[in-house]
Amino acid sequence: RLLAAIAGCADQAEGRLVRLLNLPTLPYDRSIEITLLPAGPAADPGTSVSARYTAGGKLIQRFVIRDPSRSDPEELLETLSRLLLNEYLIAIQPGAEREKKPGQTPAWLAAGVAQNLHASLRARNARLVSAWLGDG
């Protein structure tokens, strides 16, 4: 059930990202595999990502979430945004370069985009900046 909820959030995030950045439909076959790992005795919650191409030229990015019940939802959204942005970056890479080393979106860019996908995050961040600047 948790995996289905995360997949639903991923679809929603992709739709928001496409609208926010006015992105085109991707011209190639791709997927993001999401794997949930239970908490281990010494395992901290967290994520890891990887990307590879199949022999048929399909891009597969893997998103592994360790201990999802304790994971930070904003970190998950930022990582997912990074994977989605990677797909667009990879789409504009020359074919040989793309297959040798798929492009990677900088973490700071993905975090900034993710923080703008939801009105509640934008409002919270505006309040934090206002308070930091002494306006609030």
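Ile-90 is buried, because its relative accessible area is 0% and the cut-off for buried is under 20%. The model that shows this is a predicted one. Ile-90 sits in helix α2. Its C-alpha atom is separated by 9.1 Å from that of Leu-59. Along the chain, Ile-90 and Leu-59 are 31 residues apart.

Helix α2 is a good place to stay for a moment. It runs over residues 73-91. Its 19 residues should span 27 Å at 1.5 Å a residue. The end C-alpha atoms of α2 are 27 Å apart, so the expected span and the model agree. At the start of α2, look at Asp-72. One of its side-chain oxygens comes to within 3.0 Å of the backbone nitrogen of Glu-74.

Which residues of α2 are buried? Leucines on the list are Leu-76, Leu-77, Leu-80, Leu-83, Leu-84 and Leu-85. The list also holds Thr-79, Ser-81, Asn-86, Glu-87, Tyr-88 and Ile-90. A general point about helices helps in reading such a list. An α-helix has 3.6 residues a turn, so residues three or four places apart point the same way.

Take Ser-81 from that list. This residue of α2 is buried, with a relative accessible area of 0%. What does Ser-81 touch, leaving aside residues up to four places away in sequence? The partners are Leu-17, Ala-110, Ala-114 and Leu-117. Leu-17 belongs to the stretch 2-21, which is helix α1.

Now step back to the whole chain. It has five helices and three strands. From the N terminus on, the order is α-β-β-β-α-α-α-α. Buried residues make up 32% of the 136 residues. Consider contacts with a separation of 6 or more. Of these, 65% are between residues 24 or more positions apart. The accessible surface of the chain comes to about 8,300 Å². Carbon and sulfur atoms hold 57% of that surface.

Salt bridges come next. The structure holds three of them. One joins the side chains of Glu-33 and Arg-62, at 2.5 Å from N to O. Glu-33 lies in strand β1 and Arg-62 in strand β3, so this pair ties together parts that are 29 residues apart in sequence. Glu-33 counts as partly exposed, at 28% relative accessibility. Arg-62 is partly exposed as well, at 31%.

Another salt bridge joins Arg-124 and Glu-74, again through their side chains, with 2.5 Å from N to O. This pair links distant parts of the chain: Arg-124 is in helix α5, Glu-74 is in helix α2, and they are 50 residues apart. Are these two residues buried, partly exposed or exposed? Arg-124 is partly exposed, with a relative accessible area of 27%. Glu-74 is partly exposed, at 23% relative accessibility. Recall that the backbone nitrogen of Glu-74 also has the side-chain oxygen of Asp-72 within 3.0 Å.

There is also the salt bridge between Arg-70 and Asp-67, whose closest N and O atoms are 2.9 Å apart. Asp-67 counts as buried, at 5% relative accessibility. Its place is in the loop between β3 (59-66) and α2. Its backbone deserves a look too. Phi of Asp-67 is near 55°, a positive value in a residue other than glycine.

Asn-22 is another residue to check for its backbone. Its phi is near 55°, also positive and also in a residue other than glycine. Asn-22 lies in the loop between α1 (2-21) and β1 (30-37). Is Asn-22 buried or exposed? Asn-22 counts as exposed, at 69% relative accessibility.

The walk ends at helix α5, residues 119-132. Its 14 residues should span 20 Å at 1.5 Å a residue, and the end C-alpha atoms are 20 Å apart, which agrees. Just after α5, Gly-134 takes a positive phi of about 85°. Trp-132 is found in α5. At 71% relative accessibility, Trp-132 counts as exposed, because the cut-off is over 50%. Where does this side chain contribute to the surface? Together with Val-129 and Leu-133, Trp-132 makes a nonpolar surface patch of about 390 Å².

Conventions:
Residues are numbered from 1 along each chain as its sequence is written. This is a predicted model: local features need pLDDT of at least 70, side-chain atom pairs count only at pLDDT 80 or more; totals for chains, interfaces and linings use all residues. Side-chain values use heavy atoms; hydrogens and water are left out. Helices (H or I, at least four residues) and strands (E, at least two) are DSSP runs, numbered from the N terminus. The expected span of a helix is 1.5 Å times one less than its number of residues. Buried means under 20% relative accessible area, exposed over 50%, partly exposed in between (1.4 Å probe, protein chains only). Contact means heavy atoms within 4.5 Å. Patches are made of residues with over 30% relative accessible area and no salt bridge: like charges are joined within 9 Å, nonpolar side chains (Val, Leu, Ile, Met, Phe, Trp, Tyr) within 5 Å. Accessible areas come from the Shrake-Rupley method with a 1.4 Å probe; for residues, only the protein chains shown count as cover. A salt bridge is a side-chain nitrogen of Lys or Arg within 4 Å of a carboxyl oxygen of Asp or Glu. A polar contact is a pair of N or O atoms within 3.5 Å; within protein, one must be able to donate a hydrogen and the other to accept it, and residues adjacent in sequence count only if both atoms are side-chain atoms.
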